Amino acid sequence: MRFLSITVLSDGITSEVLNSCGFVIIELLRGLTLRTNRVSRFSVSAPLNLVQEFNAAIRNVGYSRSEAVQTAMRNLLSDWKWTNDAKGIMTGGIIVVYDHEVRGIEETLTSTQHHNQNIISSTMHIHLDDRHCLEMIAVKGEVKEVQNLAQQLTRQRGVKQIKLALVALPH
Ligand code: NI
């Protein structure tokens with residue numbers, strides 16, 4: 001008799017399955033569990049070096065890949081939800097990391113910022129290495145507009161990371 005365990009992608013639910021009849025049973029149970037827990041499976045494409053770094057980092061923390069991706073998804077949702085629910089004038093910064101060798105990225109980022117000059121106070125450009133740049137865009141404005149700007153920047157090809165840090169104006 002062999003003991004096998006499978007981990008099912010859902011809210012941290014792990015099923016220990018006693019298997020004596022081979023993988024058919026496991027697959028059946030997995031299908032059943034997936035249906036009953038309303039779990040969705042999906043595949044993700046990412047650059048190899050990003051995946052390697054991710055795997056090493058989560059190994060250190062003792063996270064499974066599914067748990068780590070779920071945490072990242074929740075963090076992203078709570079970041080955006082926070083700004084979705086917020087109203088009024090906020091101030092802070094948008095940090096954008098991008099690959100300046102991607103064709104057209106510099107022009108696109110510049111023109112996006114020109115179109116949003118009403119909410120941008122200033123931009124600091126830092127050359128990170130031969131290929132990557134970081135822009136720290138200081139913003140102040142209606143939170144919806146700031147969020148729109150961040151979303152426009154996020155969609156640009158060549159943009160690798162965006163962080164939005166906003167605070168309400170003190171009363
Ligand atoms: Ni640069």
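Among contacts in the chain between residues at least 6 apart in sequence, what share joins residues at least 24 apart? In this predicted model, the figure comes to 61%. The chain has 171 residues, and 11% of them are buried. As for secondary structure, there are 5 helices and 6 strands. Read from the N terminus, these elements follow one another as β-β-α-α-α-β-α-β-β-α-β.

Four of the strands come together in an open sheet, ordered β4-β5-β3-β6 and paired in antiparallel fashion. Strands β4 (120-127) and β6 sit at the edges, each with pairing on one side only. From one strand to the next, the twist averages 15 degrees. Take the β3 and β6 pair: these strands run antiparallel and are joined by 9 bridges. One residue to look at here is Met90, whose bridge partner in β6 is Ala168.

Two helices go with this sheet. Helix α4 (residues 105-115) lies across β3, β4 and β5, and runs at about 170 degrees to β3. Helix α5 packs on the sheet as well, touching β3, β5 and β6, with its direction at about 170 degrees to that of β6.

The packing of α5 shows up again in the largest nonpolar core. That core holds 15 residues, and the members touching the most other members are Ile94, Val139, Val146, Leu149, Ala150 and Leu153. Two or more core residues come from each of β3 (89-99), β5 (132-142), α5 (143-155) and β6 (159-168). Helix α5 gives the largest share, with 5 residues. Leu149 makes a handy example: setting aside its neighbours within four places in sequence, Leu149 is in contact with Ile94, Asn116, Ile119 and Val139. Of these partners, Ile94 and Val139 are also on the list of core residues that touch the most other members.

Helix α2 (residues 48-61) is another story. How many of its 14 residues are buried? The number is 0, so α2 lies largely in the open. Its geometry checks out, too: at 1.5 Å a residue, the 14 residues of α2 should span 20 Å, and the end C-alpha atoms are indeed 20 Å apart, so the two agree. Just after α2 comes Gly62, which takes a positive phi of about 85 degrees.

Methods
Residues numbered from 1 in each chain as written. Predicted model: local features only at pLDDT ≥ 70, side-chain atom pairs only at ≥ 80, totals over all residues. Core = buried A, V, L, I, M, F, W, Y, C linked by C-beta atoms within 7 Å. Buried ≥ 20, exposed ≤ 12 C-beta atoms within 10 Å, placed from the backbone. Contact = placed C-beta atoms within 7 Å. Pairing = 2+ DSSP bridges. Axes fitted to C-alpha atoms, helices over the stretch in contact; angles between N-to-C directions. Expected span 1.5 Å × (residues − 1).
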